[in-house]
Amino acid sequence: MSSARRSLVSLLLGLGVLAFVGIACAGAGSGGSTGSGGATGNGGSTGTGGAKGGATGKGGATGTGGVVATGGTTGAGGSTTTGGTTGSGGTGNACVGCKLTISAECQSGGDTETIRAIVDVVDGTISALPLSGVTFRYWFVLGETADPPVLTIDYAQMFQGGVGITSQFVPVSPAVTGANEYLEVGFTSAAPTLTMFGDTGTIQLRFFGMNNNNSFDLDQSADYSYQPCGDASATTFVNAPTITGYINGVLAWGKEPK
């Protein structure tokens, strides 16, 4: 080979080597710089945003609104039922289990000279009731009269001629509603004992001023113990709570006037 040809070959080979070396260097160098793209990984910090979402959970505190339930205390208003105590007035017409009952016939008329009362004393239970310990009171307004009141027993089924029956008139001072005097009727130690709901039978009382003064009782219908007929028959006995009854001096039937 000629020297000129060898020179050309050498030149070409040199250029090829330089080109290969240049390409190799260029490829290696530039490829490495691409690695800088890995810095994009710092985008992971975006995950901190998740913490914000968690804070929203605080909204659960709204549940405290449940304390409104305390409004239930309104139930205390039920105390209004105490108004039912008005029913106690019912004891005036009947007494279940009372050991003593006083019944009477109704009264009518406006006689200002004489009061007439027909009563019956009843054992309210099956137990024995000695009449010697029983009294009853008829409450009335004594009119403007100086006559001492007098009692006559017109008839007593169990006591012939009224024997065994006692009585007294007692002033009420200060006066109460419907009464400034009462007639108290009782029985002697010789009086019988009632048993098993037994009764004395009819006792007819009539009381008036000793001199038959016509102002003995100006208005009998205003007397506390007066028994108006209403719808009842004049010969029908009904419970008379305004004619009060006592056992050994203790109120056992009816209600006293006030």
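Is N248 buried or exposed? In this predicted model, N248 is exposed, with a relative accessible area of 64%. We'll come back to that residue after a look at the sheet and the cores.

**The sheet**

Five strands make up an open sheet in the order β5-β9-β2-β1-β10, and the pairing is antiparallel. The edges are β5 (149-156) and β10 (237-239), each of which pairs on one side only. Ignoring direction, neighbouring strands here are turned by 35° against each other on average. If you zoom in on the β5 end, you'll find β5 running antiparallel to β9 (residues 203-209), with seven bridges between them. One residue to click on is V150, whose bridge partner in β9 is F208.

**The cores**

The largest nonpolar core holds 33 residues, and F136, Y138 and F187 have the most contacts inside it. At least two residues of this core come from each of β1 (100-105), β2 (114-123), β4 (134-140), β5, β7 (179-187) and β9. Separate from this is a second core of six residues, with W139, V170, A179 and Y182 among them.

Y138 is a good place to start browsing contacts. Leaving out residues up to four places away in sequence, Y138 touches Q107, I115, A117, E181, Y182, L183, F207, S225, Y226 and I243. Note that Y182, from that list, is a member of the second core.

**Backbone oddities**

Most residues other than glycine have a negative phi, and most peptide bonds are trans. Two residues with a positive phi are worth a look:

| Residue | Phi | Loop | Relative accessible area |
|---|---|---|---|
| M196 | about 50° | between β8 (193-194) and β9 | 56% |
| N248 | about 50° | between β11 (244-247) and β12 (250-253) | 64% |

Neither M196 nor N248 is a glycine. M196 counts as exposed because its relative accessible area of 56% is over the 50% cut-off. The peptide bonds have an item for you too: the one from S173 to P174 is cis, with omega near 0°. P174 is found in strand β6 (residues 165-176).

**The loop after β9**

N212 has its place in the loop between β9 and β10. What does N212 touch, not counting residues up to four places away in sequence? E113 and D147. T112 is 100 residues away from N212 along the chain, yet their C-alpha atoms are separated by 9.6 Å. With a relative accessible area of 46%, N212 is partly exposed.

Key: Residues numbered from 1 in each chain as written. Predicted model: local features only at pLDDT ≥ 70, side-chain atom pairs only at ≥ 80, totals over all residues. Heavy atoms only, no water. Pairing = 2+ DSSP bridges. Helix = DSSP H or I, 4+ residues; strand = E, 2+ residues; numbered from the N terminus. Axes fitted to C-alpha atoms, helices over the stretch in contact; angles between N-to-C directions. Core = buried A, V, L, I, M, F, W, Y, C linked by side-chain atoms within 4.5 Å. Buried < 20%, exposed > 50% of the residue type's maximum accessible area, 1.4 Å probe, protein only. Contact = heavy atoms within 4.5 Å.
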